[in-house]
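Here's a quick briefing to keep beside the viewer. Have a look at the chain first, then read on.

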Amino acid sequence: MRLEHRFVKFIPKDLESGVIYISIRFRTAIHLCACGCGNKTVTPLSPAGWKLIFDGKTISLDPSIGNWNFPCRSHYWIEGNRIHRAEEWSDEKVQKMRRVERKEAHFKKKENFYRRIRKLLRISNTR
Ligand SMILES: [Zn+2]
């Protein structure tokens with residue numbers, strides 16, 4: 001399956017299937033899930049997120065796109081404007097990913113909590 005890339009300033013509200021919209025300004029790429037389910041797949045472009053490779057003619061995204069949160073659970077690579085199917089997510093893997101995500105969310109919350117406490121302590125120490 002082929003994908004057409006479009007560099008845009010703003011991501012349009014209604015997305016065309018088979019098109020990947022790329023906003024450099026907002027460092028985001030977005031496309032409709034390649035399986036055809038109609039879910040929007042958002043890929044933030046960042047050192048911790050996805051890497052966009054533009055060779056002047058086609059685009060590639062790295063790493064692969066795993067829509068394990070969608071009912072379709074599709075998993076594919078976008079390479080040279082082509083969709084390459086990767087292995088499907090097993091129930092086990094989905095569970096594992098959910099656990100990792102929950103852990104990360106929990107860790108972030110805890111981190112914020114400690115940061116707040118530290119800030120509070122600093123404030124009370126300087127008094
Ligand atoms: Zn899908």
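**Sheets first**

β5 and β6 run antiparallel and are joined by four bridges. The model is a predicted one, where local features need pLDDT of at least 70 and side-chain atom pairs count only at pLDDT 80 or more, while totals for chains, interfaces and linings use all residues. Residue numbers start from 1 along each chain, as its sequence is written.

A few ground rules on terms: helices (H or I, at least four residues) and strands (E, at least two) are DSSP runs, numbered from the N terminus. Strands count as paired if DSSP finds at least two bridges between them.

**The β5-β8 sheet**

- Within the β5/β6 pair, I53 has S60 of β6 as its bridge partner.
- The open sheet here has four strands in the order β5-β6-β7-β8, with antiparallel pairing. Its edge strands are β5 (51-54) and β8, each pairing on one side only.
- On average, neighbouring strands of this sheet are turned by 25° against each other, direction ignored; the axes behind that angle are lines fitted to C-alpha atoms (for helices over the stretch in contact), and angles run from 0 to 180 degrees between N-to-C directions.
- β7 pairs with β8 (residues 82-85) in the antiparallel sense, over four bridges, and W77 has H84 in β8 as its bridge partner.

**The β1-β4 sheet**

- Another open sheet has four strands in the order β1-β2-β3-β4, this time with mixed pairing. β1 (4-7) and β4 (40-44) are at the edges with a single partner strand each, so one side of each has no neighbour in the sheet.
- Here the average turn between neighbouring strands is 20°, again with direction ignored.
- β2 and β3 (residues 28-32) run antiparallel and are joined by four bridges; I20 has H31 in β3 as its bridge partner.

**Core and contacts**

- Which residues make up the largest nonpolar core? There are ten: I20, I22, A29, A34, W50, I59, L61, I65, Y76 and I78. β2 (19-23), β6 (59-66) and β7 (75-79) each supply at least two of the core residues, and β6 gives the most, with three.
- By definition, a nonpolar core is a set of buried Ala, Val, Leu, Ile, Met, Phe, Trp, Tyr and Cys residues joined through C-beta atoms within 7 Å. Buried means 20 or more other C-beta atoms within 10 Å of a residue's own, exposed means 12 or fewer, and partly exposed is in between, with C-beta atoms placed from the backbone.
- Leaving out residues up to four places away in sequence, I78 touches L3, I20, S60, L61, I65 and I83 (a contact needs C-beta atoms, placed from the backbone, within 7 Å).
- Y21 sits in strand β2 and is partly exposed, with 19 other C-beta atoms within 10 Å. Not counting residues up to four places away in sequence, Y21 touches R6, V8, I11, P12, L15, A29, I30 and H31.
- The C-alpha atoms of Y21 and I11 are 6.6 Å apart, although the two are ten residues apart along the chain.

**Backbone oddities**

- Most residues other than glycine have a negative phi, and most peptide bonds are trans.
- R27, in the loop between β2 and β3, has a positive phi near 50°. R27 counts as partly exposed, with 14 C-beta neighbours inside 10 Å.
- N81 lies in the loop between β7 and β8 and is not a glycine, yet has a positive phi of about 60°. N81 has 16 C-beta neighbours inside 10 Å and counts as partly exposed.
- The β7/β8 hairpin has two residues between its strands, and G80 takes a positive phi near 55° there.
- D62 and P63 are joined by a cis peptide bond, with omega about 5°; P63 is in strand β6.

**The whole chain**

- How many helices and strands are there? One helix and eight strands, in the pattern β-β-β-β-β-β-β-β-α along the sequence.
- The domain assignment gives domain 1 (1-89) and domain 2 (90-127), with bounds that come from an automatic or database domain assignment. Their C-alpha centres lie 29 Å apart.
- The chain has a radius of gyration of 19 Å, whereas a compact globule of 127 residues would have one near 14 Å. That radius is taken over C-alpha atoms, and the globule rule is 2.2 Å times the number of residues to the power 0.38.
- Of the 127 residues of the chain, 12% count as buried.

How values were computed
Two residues are in contact if their C-beta atoms, placed from the backbone, lie within 7 Å.
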